[in-house]
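Reader: I would like a close look at a single part of this model, set out carefully and then placed in the context of the whole chain. Please take the strand I ask about below as the centre of the account.

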Amino acid sequence: MVTYFNGDFVDDDDARISVRSRGLNYGLGCFGGVRGYLADDERQVYVYRLADHVTRLQRSAKVLFMRLPGDHAEVSSILVELLQRNDVHYDVYIRPLLFSNSNRLAPLLREEDSCFTAFCMPLRRYLDKDSIDVCVSSWRRVSDNAIPARTKPTGLYLNSALARREAHDNGFDEAIFLTERGQVSEGSAEHVFIVRRGVLYSPPSTEDNLDGITRRSLISLITEDLGLPFVERSIGRSELYTSDEMFLCGTGAEITPVRSVDRRLVGEGEIGPITKRLQTYFGDVVRGRVERRREWLTPVWT
Ligand SMILES: Cc1ncc(COP(=O)(O)O)c(C=O)c1O
């Protein structure tokens, strides 16, 4: 496949960095994860909320003293061109990655060391099950005052990987982090929603989680399109055990229903009616079937 690397589109095999790179040695970088969805005509591909992903990347770059290779329009057009050059006519995942590519020893963030790359791959389901079993991790989410989760920093994903490994070793599909204060934060790469007595709840991004684009989209769809009640507030651990429905969401995970938490069934263990309704509606939105949400989609092909 073709990859964007530091100013050029090159063959994947030619996008290389040194083993000395600080980006590799210290995890100095930030990234995005963007999806493109095949439309019903089986030709067009809609990039989902491209503008919001690029804006988040710009903000991450600012916090981490890194430099993107251009303004919002230029970065957006690199990502669209990546799909065109790869002749993408399928569900696709795009990974823009900005990292510090200095080969010097000490960890240090400097704008001039920034290197930007973007690659893509076919992706259908990220969590390959209709409904998943999760655990509350023994690992706590890194606090905003240690590593700012809202910047989607590469180094933070060691925290995610440890939690996922522990979850898998114990027979679960995914892990839920609590913050150092003991409130629900997020999954390893997903946000959390629960339903109790017909009301949807999700913790705010001040609970040390990413400023999520899928989460924000769903809040709009829940409140504006479906007219369902939603409350953004902290969630305690045992609320997960007593919720009627629960799902995780994210660019990769889309809407993934949760069947159990720490071996306690969520509701009756079936996918709940609100989760199901939202899943179907979200699927229609991302494939361009909902006129009023077309503005969230960027077509790859003219
Ligand atoms: C840690 C983390 N939380 C949540 C999410 C979901 O965020 P978004 O909907 O912006 O993809 C992601 C990325 O997909 C993530 O890496």
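Which residue in strand 15 is the bridge partner of Phe247?

Author: The bridge partner of Phe247 in strand 15 is Pro257, and that pair is a convenient place to begin, with the reminder that the model is a predicted one. The bridge belongs to the pairing of strand 14, residues 245-250, with strand 15, in which the two strands are antiparallel and share four bridges. Three residues form the connection between strand 14 and strand 15, and the two strands together make a hairpin.

Strand 15 itself covers residues 254-261, and seven of its eight residues are buried, so that the strand is described as mostly covered. As a general point, the side chains of a regular strand alternate between the two faces of the sheet.

A further partner of strand 15 is strand 8, residues 132-140, which runs parallel to strand 15 and is joined to it by three bridges. Within strand 15, Val261 is the residue that stands opposite Val134. Val261 also stands opposite Arg264, which belongs to strand 16. Strand 16, residues 264-265, is antiparallel to strand 15 and is connected with it through two bridges.

The link from strand 15 to strand 16 is again a hairpin, with two residues between the strands, and Asp262 in that turn has a positive phi of about 50°. Arg263 lies in the loop between strand 15 and strand 16, and its phi is likewise positive, at about 70°, although Arg263 is not a glycine. For most residues other than glycine phi is negative. Arg263 counts as exposed because 10 other C-beta atoms lie within 10 Å, where the cut-off for an exposed residue is 12 or fewer.

Another positive phi outside glycine is found at Phe65, with a value near 55°. Phe65 is placed in the loop between helix 2 and helix 3, the latter being residues 72-85. Phe65 has 15 C-beta neighbours inside 10 Å and is therefore classed as partly exposed.

The surroundings of the ligand can be described next. The ligand is surrounded by 14 residues, and the closest are Gly212, Ile213, Thr214, Gly250 and Thr251. Helix 5, residues 213-225, provides the largest share of this shell, with three residues. By class, the shell around the ligand contains three nonpolar, eight polar and three charged residues.

At the level of domains, the assignment for the chain gives domain 1 as 2-122 and domain 2 as 132-286. The centres of domain 1 and domain 2, taken over C-alpha atoms, are separated by 25 Å. In the contact between them, 20 residues come from domain 1 and 13 residues from domain 2. On the side of domain 1 that touches domain 2, at least two residues are supplied by each of strand 3 (29-31), strand 4 (34-38), strand 5 (45-48) and helix 2 (50-63). Helix 2 contributes the most to that side, with five residues, and the side as a whole is made up of ten nonpolar, six polar and four charged residues.

A residue that can be examined individually is Ser100, which is found in strand 6, residues 92-100. Ser100 is classed as buried because 27 other C-beta atoms lie within 10 Å, where the cut-off for a buried residue is 20 or more. Leaving aside residues up to four places away in sequence, Ser100 touches Arg22, Gly23, Leu28, Gly29, Met66, Leu109, Asp113 and Ser114. Among these, Asp113 is 13 residues from Ser100 in sequence, with the two C-alpha atoms 5.2 Å apart in space.

For the chain as a whole, there are seven helices and 17 strands. Of its 302 residues, 43% count as buried, and the C-alpha trace spans about 50 × 50 × 30 Å along its principal axes. The radius of gyration is 19 Å, which agrees with the value near 19 Å that a compact globule of 302 residues would have. Finally, among the contacts in the chain with a separation of 6 or more, 70% are between residues 24 or more positions apart.

Note on methods: Residues numbered from 1 in each chain as written. Predicted model: local features only at pLDDT ≥ 70, side-chain atom pairs only at ≥ 80, totals over all residues. Near = placed C-beta within 6 Å. Nonpolar A, V, L, I, M, F, W, Y, C, P; charged D, E, K, R; others polar. Pairing = 2+ DSSP bridges. Domains from an automatic or database assignment. Contact = placed C-beta atoms within 7 Å. Rg over C-alpha atoms; globule rule 2.2 N^0.38 Å.
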